[in-house]
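Student: I have a model open and I'd like to learn how to read its strands. Can you walk me through them?

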Amino acid sequence: MSLPPEKQKLLDIAIVITDGDMNNVNSTCPYCGKHSLIFSFTIIEPPRYGLFIACTECKRVEHFSLTEKPKNFREDFVLEEFQKLENEAHNFAIDIEMKNKKKS
Ligand SMILES: [Zn+2]
């Protein structure tokens, strides 16, 4: 994948949100440098889920579509405003191949 560096940084952040330690999520916006990132999981159609990362300062929004239910998924991480956006967002989605996928 050759993503612009800002998108690559957001992708790295997205992987921490979906699968990593939630306490270590980097909230620094790669576009404006402020600590102003928020995120929301969304439900597309299980097992497909979405993730939005948005900056409350510069208003950039990135959407990711996930191929399986993220390990860190919780209903209370689904924000209504982003769930509403979900249906319109597929054209902008970046597919994340979930890492550490275990077959059992
Ligand atoms: Zn920003």
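Tutor: Sure, and keep in mind that this is a predicted model. Let's start with strand β2, residues 48-55.

Student: How many residues of β2 are buried?

Tutor: 7 of its 8 residues are buried, so the strand is mostly covered, given that buried here means 20 or more other C-beta atoms within 10 Å. For the protein chain, buried residues make up 25% of the 104 residues.

Student: What should I know about side chains in a strand?

Tutor: In a regular strand, side chains alternate between the two faces of the sheet.

Student: Which sense does the pairing of β1 and β2 have?

Tutor: Antiparallel: β1, residues 37-45, pairs with β2 over 8 bridges. For a concrete pair, look at Ile-38, whose bridge partner in β2 is Ala-54. The two strands form a hairpin, with 2 residues between them.

Student: And how many bridges join β2 to β3?

Tutor: There are 6, and β2 and β3, residues 61-66, run antiparallel. Here Ile-53 has Glu-62 as its bridge partner in β3.

Student: Which residue takes a positive phi in the hairpin of β2 and β3?

Tutor: That's Lys-59, with phi near 70°; this hairpin has 5 residues between the strands.

Student: What pattern does the chain follow along the sequence?

Tutor: Read that way, the pattern is α-β-β-β-α-β, with 2 helices and 4 strands in the protein chain. As for contacts between residues at least 6 apart in sequence, 53% join residues at least 24 apart.

Technical notes:
Residues are numbered from 1 along each chain as its sequence is written. This is a predicted model: local features need pLDDT of at least 70, side-chain atom pairs count only at pLDDT 80 or more; totals for chains, interfaces and linings use all residues. A residue is buried if 20 or more other C-beta atoms lie within 10 Å of its own, exposed if 12 or fewer, and partly exposed in between; C-beta atoms are placed from the backbone. Two strands pair if DSSP finds at least two bridges between them. Two residues are in contact if their C-beta atoms, placed from the backbone, lie within 7 Å.
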